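Hi,

Here is the structure I promised to pass on. Have a look at it first, and then read my notes below.

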Amino acid sequence: MKSSKTNRRTFIRQSVIAAAGISIVPRHVLGQGYIPPSDKLNIAVIGGGGKGYSDAVNTWNNGASNITAICDVDWNRASKAFEKFPKAKKYKDYRKLFDEVKDFDAVTVSTPDHTHAVITMAAIKMGKHVYVQKPLTHSIYEARMLTEAAKKHKIVSQMGNQGASGPGVAQMIKWFDKEKIGSVHKVHVWTNRPIWPQGITPKTDKPALLDGLDWDSWIGPAAMVDYHPQYHPFKWRGWWNFGTGALGDMGCHLIDPPYRVLGLGYPTEVESSVGAVFSQDWRPDHLPDSCPPSSRTQLTFKASKKNPVDLKMTWTDGGLRPFHPDLIPVDHPIGSSNSANGVIMFGEKGIMTCGVYGREPKIYYNDGKIETFKEKKKKVETFPENGHQASWVEACKDGYRSKKHKRLTSSFDFAGPLTESILMGNLAIRSYGLRKKNANNRFDYPGRKKLLWDGKKMRITNFEPANQFVKRVYREGWSL
């Protein structure tokens, strides 16, 4: 019966095609490298400059996909993408693109952090698959909402922490699962970021707006401020209104390996301290709008199915790093070759280390032995540098319930909780700066304490003012 129905459908289809004068040429006749249009994913690019350009090129993958539209608020920054994909329709407002362009299946979102959530949620509600640069969102609440929405609308999703798909992280998982270092009770993570201005006072002059820049669309859901080059391009990372600082920028690359290897969930406690800036004697500058020049944060995680003990994870940025562990020979760098960014996991039987993106993983055993991993060069490159994006494209073609989607390393089911955990650190950093005047006409800082977190309810339970940083207030006319 099934065969009969199939044959009838095939007959009808072929009859219609013949009547229309259309001929279908089998793929093998066209050549091994040919990809018929029906096999291509149509992609709309939101954010075509900077990282957005490489995301567009990697998802396009030498013609494996179609780039149908490109949206960027700054057409000068996106000019390279426009030249690369001349047939793509051009927009400055993603909302207009979503209203007018109908022939796309998926979206890449490579914009400043503060606009990730509103763009991604709009795409999800349209039933479009999404690839979003790290960090997934600007706030904890947004990360939770996107995670739930992607599941509800059956969207194929991926966050742009490409190291998650690298061989180094996969090797670390294998080592840990073989119990080579035993249970882990302590983790150190560090970065040399920020490499942009932070811990500064906002400038008040009003330079002329850049030609071709749609500033209102750039601001999006954030609180409106006048245009200034201290924000755009790139320097937005150092301002809480738009960016998520050093932790938001690099946490998704560096915290990802231990979070993934150890199977961690929501943290239960967080505590931070930040570097002070002094423009005058004795009085530290109060800089609530700017991310700090350096910070130190500790997250507490309960035992997981993979790691049966509680652990403390310490993050440091601003060029600060942990001291050299005794198990690592003094002439060995810690983390990676230059030690600028790195991870150390302290286990019962030894310590496991890696650099950014999970590169250069090593184990230093208690007995003095050292185990290293060297990536094997494949004769045939299955996925080049763009494997993280290319695997998402292939999963989009197969759909939400496909094995390819389940194999993605940073779908929102994983990337959402990871982002929430990272942004917990920012919540503590911002709480650290909260102050109120005391009787001596000086200031008390009530947020300088260990904060207790209820992950399911997304609330700090022992310091209510900290909860203002869980969910941001959107500018009028914008919503999630």
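A quick word on terms before anything else: a strand here is a DSSP run of E with at least two residues, and strands are numbered from the N terminus. Also keep in mind that this is a predicted model.

With that in hand, let's start with Glu269, which sits in strand β8, a strand covering residues 269-274. What does the side chain of Glu269 meet in a polar contact? That would be the side chain of Lys450, at 3.4 Å. Leaving aside residues up to four places away in sequence, Glu269 touches Gln298, Leu299, Thr300, Lys312, Lys450, Leu451 and Leu452. Ser54, on the other hand, is 37 Å from Glu269, C-alpha to C-alpha, and the two are 215 residues apart in sequence.

Strand β8 belongs to an open sheet of 10 strands with mixed pairing, and the order is β14-β13-β12-β11-β7-β10-β9-β8-β17-β18. The edges are taken by β14 (370-372) and β18 (459-460); each has a single partner strand, so one side of each has no neighbour in the sheet. Further along that sheet, β11 (residues 342-347) and β12 (residues 350-354) pair in the antiparallel sense over 4 bridges. If you want a spot to click on, Val343 has Cys354 in β12 as its bridge partner. There is a helix here too: α10 (residues 245-254) lies across β7 (184-190), β10 (311-316) and β11, and runs at about 130° to β10.

Now for the other sheet. This one is open as well, with 6 strands paired in parallel in the order β3-β2-β1-β4-β5-β6. Its edge strands are β3 (89-91) and β6 (157-159), each pairing on one side only. On average, neighbouring strands in this sheet are turned by 20° against each other, ignoring direction. Helix α12 (residues 387-398) packs on the sheet and touches β1, β2 (65-71), β4, β5 (129-132) and β6. The direction of α12 makes about 170° with that of β5.

Inside that sheet, β1 (residues 41-46) and β4 (residues 106-109) pair in the parallel sense over 4 bridges. Which residue of β4 stands opposite Ile43? It's Ala106.

That's what I have for now. Shout if anything is unclear.

Cheers

Technical notes: Residues are numbered from 1 along each chain as its sequence is written. This is a predicted model: local features need pLDDT of at least 70, side-chain atom pairs count only at pLDDT 80 or more; totals for chains, interfaces and linings use all residues. Side-chain values use heavy atoms; hydrogens and water are left out. Two strands pair if DSSP finds at least two bridges between them. Axes are lines fitted to C-alpha atoms, for helices over the stretch in contact, and angles run from 0 to 180 degrees between N-to-C directions. Contact means heavy atoms within 4.5 Å. A polar contact is a pair of N or O atoms within 3.5 Å; within protein, one must be able to donate a hydrogen and the other to accept it, and residues adjacent in sequence count only if both atoms are side-chain atoms.
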